[in-house]
Amino acid sequence: MGAAALPSRIPALVIGAGPAGLSAAAELKRAGIEAVVIDKADRVGSSWAGHYDRLHLHTSRRLSGLPGFRIPRHYGRWVARDDVLRYLAQYAAVHELDVRLGVTALFVERAGDHWRVAWSREDERGAIAADAVVIATGYNHSPKVSDWPGLDAYRGTVLHSSAYRNPRSLGARDVLVVGPGNSGAEIAADLAEAGVTVSLAVRTPPNIVRRAVLGIPSQALILSMAAFPLRVQDALAGGLQRVAVGDLRAYGIPKASRGIATQQARDDVTPTLDVGLLRALKAGRVTVVPAVSRFTPDAVVLSDGTELHPEAVVLATGFRRGLEPLVGDLGVLAPNGRPLVNADAQLPAHPGLFFLGYSNPLTGNLRQLGIDARRIAIAIARLPRRAGHP
């Protein structure tokens, strides 16, 4: 890894040095295909470094390792953020991947019989020709913020969940967290455990599940149901949810309108894995409030007309894929910004262009990355070699 000269031609180029990109590069190497990974950051897995301090994997260590190198056992069952970063660095080193950091991919375009990726690195500019390009810049790439009326004029402290680190750095005694997804739920619990008064604004009731039931990771339970139709998955998971979580209406969270599997498949909303929120709700340390309607210079106005005056507002409102600058002109993105294809699927008009890590499955994103990376490597091995290589 470093600032060595970049190649002008390569069989495969991977954009993104997170878990997805590293998985793709490792599987390509295993298939005998030369690949280079580029990333604008100064370390592998840089998006993980930007997450809040409390973060642990919500999927178990045994089901979260990337292909060819398991997560070390001493990292524990639920791997901490810093240990994920250590693991990703180890992974790149163990597989001896050719990772070029500090290199920004500017755009991807078709150039005759190959792909051309324009790049920049400090004052350098250039382009790489490749038979295949794997885009793996991350599912949670760019913070998404709703366009609430009055937000720009609000004088209070507002930050996206991506900028939250810990209660001490936030330095507020009364906080409104907006959004009950995994980030919002965990940040709310983190603040509550530190003695902060927390309100949690909920628009769409979440499906909350335990991270483990009777010692069995929920991910493993979901995997055991994956072969069934959605309605059967909903029924089975719903039964476990009723036993393990119970009725939360008394705490301000009504039953979700869709089952766990259906909500994921149709609404792209993953269940909220409990890592402290339920305990905080039942102890009265987190209060659920209606959705945010608008902001005034001095208040946050909720959908029922209530005004709140928190010292800080944390917006756990999700992320965008952020792929428009790279491939926005190619017609490969859906209106919501997600690629039209994922894994080994290719659009007929764009052979050799792959996307990895954009499926966000219930069975675990890291686990799926390894499966999809292998499929991509097989597909690339079948492509004709053109970009100056035999």
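Start with Ser64 and what it touches: setting aside neighbours within four places in sequence, Ser64 is in contact with Leu57, Thr59, Ile71 and Leu366. One of those partners gets a polar contact too, since the side chains of Ser64 and Thr59 meet at 2.6 Å. Keep in mind that this is a predicted model. Ser64 sits in the loop between α2 (46-49) and α3 (81-94). Is Ser64 buried or exposed? Its relative accessible area is 1%, and the cut-off for burial is under 20%, so Ser64 is buried.

Now move along the chain to helix α6, residues 218-225. Its buried residues are Ser218, Gln219, Leu221, Ile222 and Met225. Look down the axis of α6 and you'll find that these buried residues fall within an arc of 160°, so they line one face of the helix. What covers them? The elements over the buried residues of α6 include three strands, β11 (208-210), β12 (212-213) and β13 (216-217). Helix α7, strand β14 (272-274) and helix α11 (365-381) are also among the elements that cover them.

Between two of those strands there's a residue worth a click. Leu214 is found in the loop between β12 and β13, and it has a positive phi of about 55° although it is not a glycine. With a relative accessibility of 86%, against a cut-off of over 50%, Leu214 counts as exposed.

Next comes the empty space. Rolling a probe the size of a water molecule over the atoms shows where such space is left. In this model there are four cavities of 30 Å³ or more. The largest cavity holds about 130 Å³ of space. Thirteen is the count to look for in its lining: of the 13 residues there, Val209, Ser218, Ala237, Leu240 and Ile260 are the closest to the centre. Ser218 also appears among the buried residues of α6. At least two lining residues of the largest cavity come from each of β11, α6 and α7. By class, this lining has 10 nonpolar residues, two polar ones and one charged one.

The second largest cavity has a volume of about 50 Å³. Its lining is made by Ile222, Met225, Gln233, Ala237, Ile260, Ala261 and Leu362. Which elements give two or more residues to that lining? They are α6, α7 and α8 (260-267). Here the classes come out as six nonpolar, one polar and no charged residues. Two names turn up in both places: Ala237 and Ile260 are among the residues closest to the centre of the largest cavity, and Ala237 and Ile260 also line the second largest one.

That brings us to α8 itself. The buried residues of this helix are Ile260, Ala261, Thr262, Gln263 and Gln264, and they pack against β11 and α7. Just after α8, the backbone does something to check: Asp268 takes a positive phi of about 55°, although Asp268 is not a glycine. Asp268 lies in the loop between α8 and β14. Its relative accessibility is 28%, so Asp268 counts as partly exposed.

From α8, step across to α7 and pick out Gln241, which is found in that helix. Gln241 has a relative accessibility of 18% and counts as buried, because the cut-off is under 20%. Not counting residues up to four places away in sequence, Gln241 touches Asn207, Ile208, Val209, Gly246 and Ile260. To place Gln241 in the wider model, compare Leu340: the two are 99 residues apart in sequence and 32 Å apart in space, C-alpha to C-alpha.

Gln241 also leads to an open space, the second largest pocket, with a volume of about 340 Å³. This pocket is lined by 19 residues, and those closest to its centre are Gln241, Arg242, Gly246, Lys255 and Ala256. Which helix gives the most to the lining of this pocket? Helix α7 (residues 230-244) does, with four residues. The classes of the pocket lining are eight nonpolar, five polar and six charged. For a last look, turn to α7 once more: it helps cover the buried residues of α6, it is packed against by the buried residues of α8, and it supplies at least two residues to the lining of the largest cavity.

Terms used:
Residues are numbered from 1 along each chain as its sequence is written. This is a predicted model: local features need pLDDT of at least 70, side-chain atom pairs count only at pLDDT 80 or more; totals for chains, interfaces and linings use all residues. Side-chain values use heavy atoms; hydrogens and water are left out. On a 1 Å grid over the protein atoms alone, a cavity is a set of points where a 1.4 Å probe fits but cannot get out, and a pocket is an open set with protein on both sides within 12 Å along at least five of seven lines; lining residues have an atom within 4 Å of a point. Grid points are joined across faces, edges and corners, and a volume is the space filled by probe spheres set on the points. Ala, Val, Leu, Ile, Met, Phe, Trp, Tyr, Cys and Pro count as nonpolar, Asp, Glu, Lys and Arg as charged, and the others, Gly among them, as polar. Buried means under 20% relative accessible area, exposed over 50%, partly exposed in between (1.4 Å probe, protein chains only). A polar contact is a pair of N or O atoms within 3.5 Å; within protein, one must be able to donate a hydrogen and the other to accept it, and residues adjacent in sequence count only if both atoms are side-chain atoms. Contact means heavy atoms within 4.5 Å. The arc is that of the directions from the helix axis to the C-beta atoms.
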